[in-house]
Structure formats: C-alpha cells, structure tokens
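Load the model in the viewer and work through the stops below in order. Each stop gives a selection and what to look for there.

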Amino acid sequence: MPKVVIIGAGSVGTTLAYTLQITGVATELVLIDSNHELAEGQVMDMNHGLPFVPPVHILAGEYPDCKGADVIVLTAGARMKPGETRLDLVDRNAQIAKRIMDSITPHTREALILVVTNPVDIMTYVAVKHSGLPPRQVIGSGTVLDSARFRYLLGRHCTIDTHNVHAYVIGEHGDGEVLLWSQVRMAGTSLELFCKHCTDRCVSVDKTAITEAVKNSAYHIIEAKGSTNYGVALAVTKIVEAVIRDENSVLTVSMMLNGAYGINGCCLSVPCIVNKKGVSRIVEAELDHTERNELNQSAEVLKNICRGII
Ligand SMILES: NC(=O)c1ccc[n+]([C@@H]2O[C@H](COP(=O)([O-])OP(=O)(O)OC[C@H]3O[C@@H](n4cnc5c(N)ncnc54)[C@H](O)[C@@H]3O)[C@@H](O)[C@H]2O)c1
C-alpha cells in the first residue's frame with residue numbers, strides 16, 4: 001500500500017499530487033499545508049476525478065498522517081519572484097524546512113524524505129542536519145529537472161526521442177549547475193559521432209546556447225507565468241516511482257556528499273542509483289577538467305551558504 005505525503009499544497013505540491021494520482025504509483029496520498037482549507041479544496045477537486053484513474057485514497061491531513069508513509073515530499077515554502085534567484089530564498093525557507101522536519105520526525109523516521117523546496121540543495125542539507133536521519137534517506141529533487149531540460153533540448157535539436165538521449169546536469173540546482181557535455185550519449189553514441197553521420201542539414205549543436213537555455217529555463221517560465229510546476233511535478237513523480245517501485249534508476253538527485261567526487265559536507269546533485277532505500281550508490285562519472293572545476297566551484301558556493309545555517 002504505497003503512501004506518499006506531500007507537504008505544501010501550492011502549485012508544485014498539487015501538480016505533483018495530480019501526476020501521482022494519474023500514474024497510480026501510490027494508493028494513499030496525503031496533502032498537508034499550513035493553510036488547511038487550501039489543502040482540503042485541492043483534495044476535494046482531485047477526488048472528483050477518482051472514477052477516471054487507478055484507485056487511490058486522497059486526503060488533506062496533519063503531521064500524524066506521516067506515520068507509515070513511504071515517501072514524504074517537501075514542497076512548502078516561498079518561491080522565486082521575477083528577478084530573484086533560488087539562493088535569495090535561503091533564510092525564509094530554511095526556517096520552514098526546520099519546522100517541518102521537527103513536525104515529521106516524531107511520527108516517522110523510516111520514510112524517504114524528498115525535498116523540492118528551493119534552494120533545494122540547501123534545504124536538503126537543512127533537512128539532513130536538522131533531522132539526524134541517514135543522508136541516503138534524505139534527498140533533494142536536485143537537477144533531475146535540469147537533466148530533463150537538457151535531454152529535451154538535445155532531442156529537439158537532433159530530432160531524436162528524448163528517451164534515447166542520455167545527458168546529465170550535476171552540481172547545484174541553480175546558477176552554478178554543470179552540464180556534462182563530455183558524457184552525452186545519443187542512442188549509445190557520442191554527440192560528435194551522432195552529428196557527424198546526420199543527414200539533416202542542421203547547424204551543429206550550439207553548446208553555449210543549450211547550456212544557457214537549460215540554466216535559464218526557470219527564469220523564463222517564471223517571467224512568463226509566475227512559477228514552474230508541470231516539469232518539476234513529472235521529475236519528482238519519477239523519483240517517487242524509483243523509490244516506491246525499487247527501480248534502481250539513475251537520477252541526478254541532490255544528496256549529502258562525503259567524499260564522492262572529492263567533495264565533502266554539502267548537498268548537491270550527482271548521478272545516483274535510487275531505490276526503496278533512497279540512494280543506494282553514487283555513480284562516479286568521468287568528468288573532464290572544466291566540468292570538475294565547475295563542480296568544485298558549485299560545491300564551494302553551497303558550502304559557504306550552509307556554514308551560516310545550522
Ligand atoms: N526543486 C525544483 O526543481 C523546484 C521547481 C519549482 C519550484 N520549486 C520550489 O518549490 C517551492 C514551492 O513552490 P510553489 O510554486 O508550489 O509555491 P506556492 O506558493 O504555490 O506553494 C507553497 C505552499 O507552501 C505552503 N506553506 C508555507 N509554509 C508552510 C509550512 N510551514 N507548512 C506547510 N505548508 C506551508 C503555503 O501555504 C503554500 O500553499 C518553492 O520553494 C519553489 O521555489 C522547486
């Protein structure tokens with residue numbers, strides 16, 4: 001009986017609840033929000049769609065409902081306004097994340113905690129440190145969405161199904177993220193080889209333009225519609241599925257690093273094998289010199305912020 005609790009019934013939390021409802025991965029879904037009436041309204045709306053989806057019990061709950069959850073997703077907190085970066089949210093959301101972890105842990109210490117609230121790497125760090133739970137059990141959605149954006153843009157440029165594109169974004173979910181161009185594989189071949197044999201008369205891949213487009217995606221969407229919700233909800237649904245179905249999927253989730261990639265004491269994204277235990281293993285990808293330097297810089301930025309928080 002897979003049970004998922006979502007804390008924060010705003011735009012991201014409810015879109016996630018909706019995608020989980022449609023996919024049928026959970027049989028019990030609980031929405032918790034400091035605005036309980038909002039959570040109740042969202043649940044009532046979703047329940048009216050029950051005749052059309054796999055059976056699922058959806059309710060607006062309170063923290064004791066975290067008991068027995070397989071996954072608890074944190075989406076509560078402030079979001080970026082136009083002109084803000086994710087790191088501008090640190091102070092406001094760190095206090096919220098601490099209070100939420102204090103509210104969850106009396107009811108369960110077994111559930112996988114999945115942080116989505118931004119800045120997600122810092123909030124994952126706060127959740128690990130403040131709860132004292134094992135780092136493999138407290139992960140962030142990290143750059144799973146950014147990796148999807150990268151794959152989408154490569155697939156669109158090369159006219160190939162994104163499912164056949166392997167491409168990862170690692171590091172901070174934010175301005176310091178690192179696109180692993182050296183590791184891109186299109187249907188098992190390198191990007192260079194794939195493009196060399198291409199018969200379309202397309203211009204060659206503009207790596208700078210794609211890198212900028214991936215990094216600035218959220219800013220463009222927020223300028224246009226105020227917030228992002230669909231892409232992130234599907235990315236988080238994939239992570240929840242990997243946990244509940246014990247998939248061993250390789251996903252660039254954010255987690256506390258203790259030596260992997262030569263980095264210690266901060267949370268950031270690297271390719272991880274995700275299953276019912278959370279992260280079962282970190283995959284050490286081969287990085288070129290520039291990528292390694294960028295990853296180290298990304299880690300330093302995050303470590304400096306974390307020093308002032310806990
Ligand atoms: N990691 C990612 O890839 C990603 C992508 C998009 C958004 N986000 C982040 O997700 C967060 C939520 O974004 P949103 O657009 O849903 O915002 P939103 O304003 O629509 O919803 C936030 C909800 O949190 C609730 N809330 C606030 N404090 C709470 C508390 N202490 N306990 C319980 N509920 C509380 C609010 O009542 C509100 O309903 C933001 O931090 C945003 O930046 C992350």
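Select helix H3 (90–104): with three residues, H3 gives the most to the shell around the ligand. Helices here are DSSP runs of H or I with at least four residues, numbered from the N terminus. Helix H1 (11–23) also gives two or more residues to that shell. The model is predicted: local features need pLDDT of at least 70 and side-chain atom pairs pLDDT 80 or more, whereas totals for chains, interfaces and linings use all residues. Residues are numbered from 1 along each chain as its sequence is written, and side-chain values use heavy atoms, with hydrogens and water left out.

Next, show the whole shell. A residue is near the ligand if one of its heavy atoms lies within 4 Å of it. There are 25 residues around the ligand, and Ser 11, Val 12, Asp 33, Ala 78 and Val 116 come nearest. Colour the shell by type: twelve residues are nonpolar, eleven polar and two charged. In this scheme Ala, Val, Leu, Ile, Met, Phe, Trp, Tyr, Cys and Pro are nonpolar, Asp, Glu, Lys and Arg are charged, and the others, Gly among them, are polar.

Which side chains should be labelled for polar atoms by the ligand? A side-chain N or O atom of Asp 33 is 2.6 Å from a ligand oxygen. For Arg 79, a polar side-chain atom lies 3.0 Å from an oxygen atom of the ligand. For Ser 141, the partner is a ligand nitrogen, at 3.3 Å. Taken alone, the ligand exposes 870 Å², of which the protein buries 85%; areas come from the Shrake-Rupley method with a 1.4 Å probe.

Move to Asn 229, in the loop between helix H7 (207–225) and helix H8 (230–244). Is Asn 229 buried or exposed? Asn 229 counts as buried because its relative accessibility is 10%, and buried means under 20%, with the 1.4 Å probe and protein chains only. Beyond neighbours within four places in sequence, Asn 229 is in contact (heavy atoms within 4.5 Å) with Ser 11 and Thr 15. The side chains of Asn 229 and Thr 15 make a polar contact at 3.1 Å. Their C-alpha atoms are 6.4 Å apart, although 214 residues separate them along the chain.

Finally, select Ile 72 and Val 73, which touch the most other members of the largest nonpolar core, a set of 83 residues. H8 gives the most to this core, with eight residues.

Conventions:
A polar contact is a pair of N or O atoms within 3.5 Å; within protein, one must be able to donate a hydrogen and the other to accept it, and residues adjacent in sequence count only if both atoms are side-chain atoms. Buried means under 20% relative accessible area, exposed over 50%, partly exposed in between (1.4 Å probe, protein chains only). A nonpolar core is a set of buried Ala, Val, Leu, Ile, Met, Phe, Trp, Tyr and Cys residues joined through side-chain atoms within 4.5 Å.
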